[in-house]
Amino acid sequence: MGTSEVVKVIGSRSLDFIARERELVEKDAMALLSGLNDNVEGLRVLEVNTFGYESAAWAEMRFREALAAKEVGTMVNEDVARAVQVFQEHGTRAVMDIEMLRSWVNLHVPKCETGNNFGVEVQELVIKYLKAAQDEIAANLSKLPEYYKSRGEIVARFGKEEFKETETLEFDEKKDTFTTGQDAKMEKLQSSKSTTKSLQKQLRQNEDFVTYTVQLDMDWYFRLKMMFRALISSKVSIGAFVMQNIAMILDPRNHTNDRDHRRSNEMMY
């Protein structure tokens, strides 16, 4: 088989593969774009349900009350933890959706030719726009572990001081008690559990610890709220930008003039 025949066979198979892939991706892209309005409305409702505290003063009061009322061993701020979970879920989904839209546009880029490349330039502009939006959401997702790290550092910082005081107090109470073997191990385990409970109780009574923790929770609560709003705005902007240029995305070299381009956009809306 000659070189030209090999190229012909490979080219034919590649075109079939690309056509199938384009059909699948285009189906997903059209479903995403057509359902974008309902998706955004759902996210707005979710925002209200997840981020119910509008003022910092109200959030601070509620966070202080929640921290004081927590049972021993459960010191997590449930409002912030839920906000992290919600943003992580929908932010990750948005990154994947944008990746699919980028693939959709890429599969409509025609072969390189001289002249009449304005539509191709529009496609490249759309791809860059999608990439920038995707990077912003991904960057916010990468920040989420910082919340748990910072909260752990606060507990470790204040816990060391409280632990020393608790340990000294318990030693004084048991200074005349000595046990050996298995009894000593059991006593040590029970003592450890008792120390943990005492430590957490004392931490909740430490005003500096409470203030540091509540302020950190407030900072991340409202930071996540802004991230979530930015996510919604990004989806709206992407939808508008893609729909405004969909004629050139789908057929970059066969558009005739700006008037026909505007007419196609009006039909989409």
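**Helix packing, core and internal spaces**

Lys27 is exposed, with a relative accessible area of 64%. This residue belongs to helix α1, and in the predicted model its C-alpha atom lies 9.4 Å from that of Trp104, although the two residues are 77 positions apart in sequence. Trp104, the partner in this pair, is also one of the three residues that touch the most other members of the largest nonpolar core. With Lys27 as a starting point, the description can move from the fold as a whole to the core, and then to the spaces within the structure.

The protein chain contains 10 helices and zero strands, so that the pattern read along the sequence is α-α-α-α-α-α-α-α-α-α. Of its 269 residues, 34% count as buried. Among contacts with a sequence separation of 6 or more, 86% are made by residues 24 or more positions apart.

The largest nonpolar core holds 55 residues, and within this set Trp104, Leu224 and Phe228 touch the most other members. Two or more residues each are given to the core by α1, α2, α3 (56–69), α4 (78–106), α5, α6 (144–173), α8 and α9 (246–250). Helix α8 makes the largest contribution, with 16 residues. For Leu224, the contacts beyond four places in sequence can be listed by name: Phe51, Val80, Ala83, Val84, Phe87 and Leu144. One of these partners, Phe87, reappears below in the lining of the second largest cavity.

Helix α5 is a good place to look at geometry and burial together. Its 25 residues, 118–142, should span 36 Å at 1.5 Å a residue, and the C-alpha atoms at its ends are indeed 36 Å apart, so expectation and model agree. Buried positions in α5 are Gly119, Val120, Val122, Gln123, Val126, Ile127, Leu130, Ala133, Gln134, Ile137, Asn140 and Leu141. As a guide to reading such a list, an α-helix has 3.6 residues a turn, so residues three or four places apart point the same way.

Gln123 deserves a closer look. Located in helix α5, this residue has a relative accessibility of 0% and therefore counts as buried, the cut-off being under 20%. Beyond four places in sequence, Gln123 touches Val105, His108, Val109, Pro110, Met248, Ile249 and Pro252. Its C-alpha atom is also 9.6 Å from that of Val242, a residue 119 positions away in sequence. Gly152, in helix α6, offers another example: at 35% relative accessible area, Gly152 is partly exposed. The C-alpha atoms of Gly152 and Thr213 are separated by 9.7 Å, with their positions 61 residues apart along the chain.

Turning to the enclosed spaces, a search of the whole structure finds two cavities of 30 Å³ or more. The largest has a volume of about 100 Å³ and is lined by Leu32, Leu33, Leu36, Ala94, Asp97, Ile98, Leu101, Lys235, Ile238 and Gly239. Helices α1, α4 and α8 each supply at least two of these residues, and the largest share, four residues, comes from α4. By class, this lining has seven nonpolar, one polar and two charged residues.

The second largest cavity encloses about 50 Å³. Its lining consists of Phe87, Ala133, Glu136, Ile137, Asn140, Met227, Ala230, Leu231 and Ser234, with α5 and α8 as the elements that give two or more residues. Six of the lining residues are nonpolar, two are polar and one is charged. Ala133, Ile137 and Asn140, which line this cavity, are also among the buried residues of α5.

An open space completes the picture. The second largest pocket has a volume of about 160 Å³, and its lining is made up of Leu33, Ser34, Leu36, Asn37, Val40, Glu41, Val236, Gly239, Ala240 and Met243. The elements giving two or more residues to this lining are α1 (3–34), α2 (36–50) and α8 (207–244). Six of these residues are nonpolar, three are polar and one is charged. Leu33, Leu36 and Gly239 line the second largest pocket and also line the largest cavity.

How values were computed. Residues are numbered from 1 along each chain as its sequence is written. This is a predicted model: local features need pLDDT of at least 70, side-chain atom pairs count only at pLDDT 80 or more; totals for chains, interfaces and linings use all residues. Side-chain values use heavy atoms; hydrogens and water are left out. On a 1 Å grid over the protein atoms alone, a cavity is a set of points where a 1.4 Å probe fits but cannot get out, and a pocket is an open set with protein on both sides within 12 Å along at least five of seven lines; lining residues have an atom within 4 Å of a point. Grid points are joined across faces, edges and corners, and a volume is the space filled by probe spheres set on the points. Ala, Val, Leu, Ile, Met, Phe, Trp, Tyr, Cys and Pro count as nonpolar, Asp, Glu, Lys and Arg as charged, and the others, Gly among them, as polar. The expected span of a helix is 1.5 Å times one less than its number of residues. Buried means under 20% relative accessible area, exposed over 50%, partly exposed in between (1.4 Å probe, protein chains only). A nonpolar core is a set of buried Ala, Val, Leu, Ile, Met, Phe, Trp, Tyr and Cys residues joined through side-chain atoms within 4.5 Å. Contact means heavy atoms within 4.5 Å.
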